[in-house]
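Trainee: Got a minute to go through a model with me? I'd like to talk about helices and salt bridges.

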Amino acid sequence: MKKRIIYPAIAVVVLLSTVSFKSDFFEIAKQIEIFTTMFKELNMNYVDETNPAELMDTAIKAMLDDLDPYTKYWNEQDVEASKIRNAGEYTGIGASVKTIKDKIIIVEPYKNYPADKAGLKAGDEITQIGDIKVADFKEDAGELLKGASGTKVDIIYTRQGQSKATVLTREEIEVDAVPFYTLLDDNTGYIVLSKFNNKASSETIDALNDLKAKGANKVVLDLRGNPGGLLSEAINVTNIFVPKGELITTTKSVVKKYNKEYFTKREPVDIQIPLVVLVNGRSASASEIVAGSIQDLDRGVVIGARSFGKGLVQRPKKLTYGTQLKITISRYYTPSGRCIQALDYWNRDKNNNAVRIDEQDFKAFKTKNGRTVYDGGGIQPDIELETSKFSKITTALLKSDAIFGYATKYYYAHKLEKSSDFKFTDSDYEEFKKFVKQSDFNFETETEKAFEKALKIAEREKLDQGINTSYDALIASVNASKQTALDKHKNEIVNLLTDEIIKRYFYREGLYDYYVTHNPEVAKSQEILNNTKKYNEILK
């Protein structure tokens with residue numbers, strides 16, 4: 001039934017979101033009429049009582065699922081949440097959380113904010129908020145944590161199997177775009193830019209000016225894990241280091257009005273200071289605009305691992321009753337002409353999954369100085385480090401929360417007075433491997449998928465007798481290979497475990513302090529910045 005509703009519903013969204021009908025007005029009008037009459041007949045005649053709002057919500061969301069994951073329907077609450085993210089201020093508990101079935105898990109409490117003051121820690125599972133049990137709340141239970149500044153709410157949570165209670169007082173939360181910056185011993189300024197809200201460029205400028213006043217004569221801009229944000233702020237951050245009037249990105253679309261060129265509009269802060277930009281597989285969107293333009297303009301050296309590869313531009317379109325459609329309107333391109341989009345959502349495989357653009361299909365482009373760079377798979381760093389990479393098994397460990405879960409276990413089993421004392425030993429890693437093996441971690445390889453499919457075909461053709469034993473042996477071999485993969489990708493996994501564990505003891509600020517003396521990417525950045533010859537060779 002869903003699919004019959006989905007495709008005609010496209011007309012409704014398009015009608016509400018734009019007046020540009022792309023010369024197919026008749027087809028749109030036709031589909032609107034079909035959908036309207038069908039929706040009416042369905043609700044009037046279906047054997048059971050229907051909920052029109054839920055049917056429509058399902059239709060819209062399922063329709064958008066056939067597009068890219070960034071085109072989303074926003075209800076009124078989603079619209080407000082978007083405003084808060086971009087403004088960098090909100091009222092809440094001061095922690096990142098996620099809802100899983102019947103509980104809300106504290107992912108990271110922020111130092112000296114309400115959740116931290118109430119004694120909540122990463123890994124705690126909130127089961128009741130006020131008089132409402134999370135399991136009984138059908139909507140987003142995270143909304144229950146929000147409220148006016150100064151209001152209190154009773155919280156019941158589980159920690160290490162024990163039920164506990166606390167009282168949480170909501171506060172105004174200010175989210176810094178630059179949560180940390182410092183001057184390293186060799187006069188290198190280190191700036192962490194964690195998001196592109198409307199304070200990103202101003203906070204980066206303030207940090208840079210302060211560091212220069214303290215003696216910084218080179219700078220590292222850390223964009224690792226930065227998921228992006230406002231396009232305008234990506235332009236403004238790049239403008240800090242490049243002259244006014246420089247092309248930073250171009251957007252292209254089948255809708256002509258979205259074809260635009262974006263240039264820097266301000267006077268720069270410093271176009272000479274040697275610069276390194278750090279990226280990894282979780283640096284996306286606006287982060288990739290900054291890293292890609294710095295690379296294309298040969299303004300600095302990019303270090304780390306290939307970025308996420310999100311080259312799609314979204315814009316919110318107002319609908320009725322305070323709702324919005326966040327719709328992908330164009331692709332963005334770096335100054336050299338690269339589109340760094342990694343997944344093709346318009347030419348899917350037979351399972352309807354987006355296809356990753358193959359490396360052999362990457363196209364070559366030239367930077368301002370004539371260096372060769374490639375499109376199609378995120379920003380490839382000038383210097384790639386093993387510790388920054390995200391292999392398939394590492395990504396699976398992150399998705400399954402195996403790294404998060406082990407960090408929780410480690411925290412309650414070890415005491416640590418200062419971050420400089422921390423070292424994740426080989427013995428610790430063996431414990432982690434045991435933890436993964438005993439957990440419900442499930443990393444299904446393409447090999448396993450192919451074997452399983454072949455077995456099902458054999459069963460249908462009555463050829464499975466005698467095959468099952470061989471199948472079990474093959475799967476056992478694959479599982480053994482998975483354990484080998486944990487050893488093969490040990491460096492990148494240990495790096496992520498270290499990050500998660502350090503945050504448990506010393507918050508995010510402590511993690512950045514730890515980076516100053518222990519992080520391989522920061523160390524490599526200093527090495528390159530302190531070797532003028534090498535730095536210039538990379539860029540020329």
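Mentor: What follows is a short tour of the chain, its salt bridges and one bent helix. This is a predicted model, so local features need pLDDT of at least 70, side-chain atom pairs count only at pLDDT 80 or more, and totals for chains, interfaces and linings use all residues. Residues are numbered from 1 along each chain as its sequence is written, and side-chain values use heavy atoms, with hydrogens and water left out.

Trainee: How many helices and strands does the chain have?

Mentor: There are 16 helices and 23 strands. These are DSSP runs numbered from the N terminus, H or I of at least four residues for helices and E of at least two for strands.

Trainee: And what share of the residues is buried?

Mentor: Of the 540 residues in the chain, 47% are buried. Buried means under 20% relative accessible area, exposed means over 50%, and partly exposed is in between, with a 1.4 Å probe and protein chains only.

Trainee: What about contacts far along the chain?

Mentor: Among contacts with a separation of 6 or more, 68% are between residues 24 or more positions apart. A contact is heavy atoms within 4.5 Å.

Trainee: Now salt bridges. How many are there?

Mentor: The structure has 25. The criterion is a side-chain nitrogen of Lys or Arg within 4 Å of a carboxyl oxygen of Asp or Glu.

Trainee: Which residue pairs with E521?

Mentor: R224 does, with the closest N and O atoms 3.1 Å apart. The pair links distant parts of the chain, 297 residues apart: E521 is in helix α15 (residues 520-529), and R224 is in the loop between β12 (218-222) and α7 (231-239).

Trainee: Is E521 buried or exposed?

Mentor: E521 counts as buried because its relative accessibility is 0%. R224 is buried too, at 16%.

Trainee: And what is the state of E386, the one bridged to K389?

Mentor: E386 is partly exposed, at 39% relative accessibility. K389 is partly exposed as well, at 29%. Their side chains meet at 3.7 Å, N to O.

Trainee: Which helix holds E500 and K503?

Mentor: Both lie in α14 (residues 490-518), three residues apart, about one turn of the helix. Their salt bridge is 3.8 Å, N to O, and both residues are buried. They belong to a salt-bridge network that also takes in E108, R504 and R508.

Trainee: How far apart are the ends of α14?

Mentor: The end C-alpha atoms of its 29 residues are only 17 Å apart, whereas a straight helix would reach 42 Å at 1.5 Å a residue. That expected span is 1.5 Å times one less than the number of residues.

Trainee: Where is the kink centred?

Mentor: On F506, with a bend of about 120°. The bend is the angle between axes fitted to the seven residues ending at a residue and the seven starting there.

Trainee: What does F506 touch?

Mentor: One contact is L416, which also touches D421, F422 and Y505, leaving out residues up to four places away in sequence. L416 is in the loop between α10 (402-413) and α11 (426-438), and counts as buried at 18% relative accessibility. The C-alpha atoms of L416 and Y505 are 7.2 Å apart, with their positions 89 residues apart along the chain.
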